[in-house]
Amino acid sequence: MFGTLFLKECKQVLRSMVYYIYVVAFVMFLSSQLGGELTDKMEKPVPGQGSYGTIVSHEESVVMGNIMANLVGETENNSYATYPLGFYKRVTLNEEELSQVKEIIENCTGKKWEEIIGEMEEHFSGYDQGTVEGAIQAQMEYRADVKDTLKYEDFCSSMEKVCQLIGAGSSYSSKKLEAGVGAPMSYEQALEEYEVFCREDKVTGATARLFCDYAGIVLSVLPIFLGVTRCLRDRRAQAEQVIFAREASVFQIVGSRYLANVCMAFLPVVFTAFVMQLPYQFHAETLGVAADALAFLKYSFVWLLPEIMAVLAVSFFITELTGGVISIFVQVFWAFASLFSAVGLQGDFALKLIARWNALGNTREFLRQRQELFLNRGFYFGLSVLLLILTFAIYEKKRREGGSIYGKIFKGRK
């Protein structure tokens, strides 16, 4: 019975125009984000390159130097970038607040403000500021070193004081410091990172993470429309009494619907992943690397499937509970909150619905945080199962009491 209902539900999904809109939107979004130009960033580094990119560093001296450099630059312009609710907000301090920040900088560096600015100007004068590459390199390599006697704990306390003056969402919060900073890579570091990239990621693993990063953004919203459409279909067709009369259990009816929607929502992900992996798989051969042919598929199952399950479970649960489309608004709000609450674009998985890793490579850093990703995805798998069980209970209650299948659960019988 379950298998028959499952196949029927899959056919129902295929007959829905919403499903094809879902497929087109997903494919177009991914196609616009992942291009063949990524292969240009996969070449082996050679000595004497102008820049080898950046690497995430958690070394205390590097963190303090980079954070202080950023603070000096923003204080010089009296323009601080903050993201209190995930959106950019420019903060300008008054004279008293600005003086307090300068005093904090002087205490951390052991130098007068004029001396610090002079050193910064001398640093930037050594680069060609007329080109984008020169300006970026100058910014990447600028550091405002703190005094040798400053302990990391005292530095963090000073940055908390800066946060209180600037406001929420600045670059100087404890979460930002814990996330590490981007530091320029030397040739040796770049070569080591490349070797890890080839040995551990086998090229396709790194691109699979980037694929999941972009796919996770759009999948945090799109599947909700499939779930809501399916839950409301019987209401539009006035098929309540037919479903009440069926001998099939709630598990068979609702379970087959949910599983069919999960499978059909995940099918375009698998197909798109297979197609998009091919150029990187072929490129790996030119690098002399045996690519992992299943990388995109494995990452998609672990990274994206629990997200699809959670989004659809939310749509089934809320739609069954309320009988309306409110789950769409709930899900959109949840997706935006998850997207804009990220401290950075690499890691910081915590319990965020959208797991971000917007970088090609940084393999060692990902391996360090991989366990957090597994815990995150495991949480959403468990959440989807819990919500599905609650949906079973709601559906059974309304079915047993003879109320409208899509009526509100607390609506009494007449």
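User: Which helices each supply at least two residues of the lining of the second largest pocket?

Analyst: Helix H9 (187-201) and helix H10 (204-219) do, each with at least two residues. This is a predicted model. The largest share of that lining, four residues, is from H9.

User: What makes up the lining by class?

Analyst: There are 13 nonpolar, eight polar and five charged residues. The lining has 26 residues, and Lys 41, Tyr 52, Gly 53, Met 185 and Leu 360 are the ones nearest the pocket's centre. Gly 53 lies among these, and Gly counts as polar.

User: How many aromatic pairs are there?

Analyst: The count is 18 aromatic pairs. One of them joins Tyr 19 and Tyr 22.

User: Why is the pair of Tyr 19 and Tyr 22 called stacked?

Analyst: Let's check the values. The ring centres are 6.1 Å apart and the planes differ by 25 degrees. Pairing needs centres within 6.5 Å, and stacking needs planes under 30 degrees apart, so the pair counts as stacked.

User: And why is the pair of Tyr 152 and Phe 155 called stacked?

Analyst: The centres lie 6.3 Å apart, with 25 degrees between the planes. Those values fall within 6.5 Å and under 30 degrees, so this pair is stacked. Tyr 152 and Phe 155 are both buried.

User: What makes us say that the charged end of Arg 209 sits over the ring of Phe 366?

Analyst: The charged end of Arg 209 is 4.4 Å from the centre of that ring, and the cut-off for distance is within 6 Å. The direction must also be within 35 degrees of the ring normal. Phe 366 also belongs to a cluster linked by ring pairs, together with Tyr 299, Trp 303, Phe 349 and Trp 357.

Methods
Residues numbered from 1 in each chain as written. Predicted model: local features only at pLDDT ≥ 70, side-chain atom pairs only at ≥ 80, totals over all residues. Heavy atoms only, no water. Phe/Tyr/Trp six-rings, centres within 6.5 Å; stacked < 30°, edge-to-face > 60°. Buried < 20%, exposed > 50% of the residue type's maximum accessible area, 1.4 Å probe, protein only. 1 Å grid on protein atoms, 1.4 Å probe; cavity = no way out; pocket = protein on both sides within 12 Å on 5 of 7 lines; lining within 4 Å.
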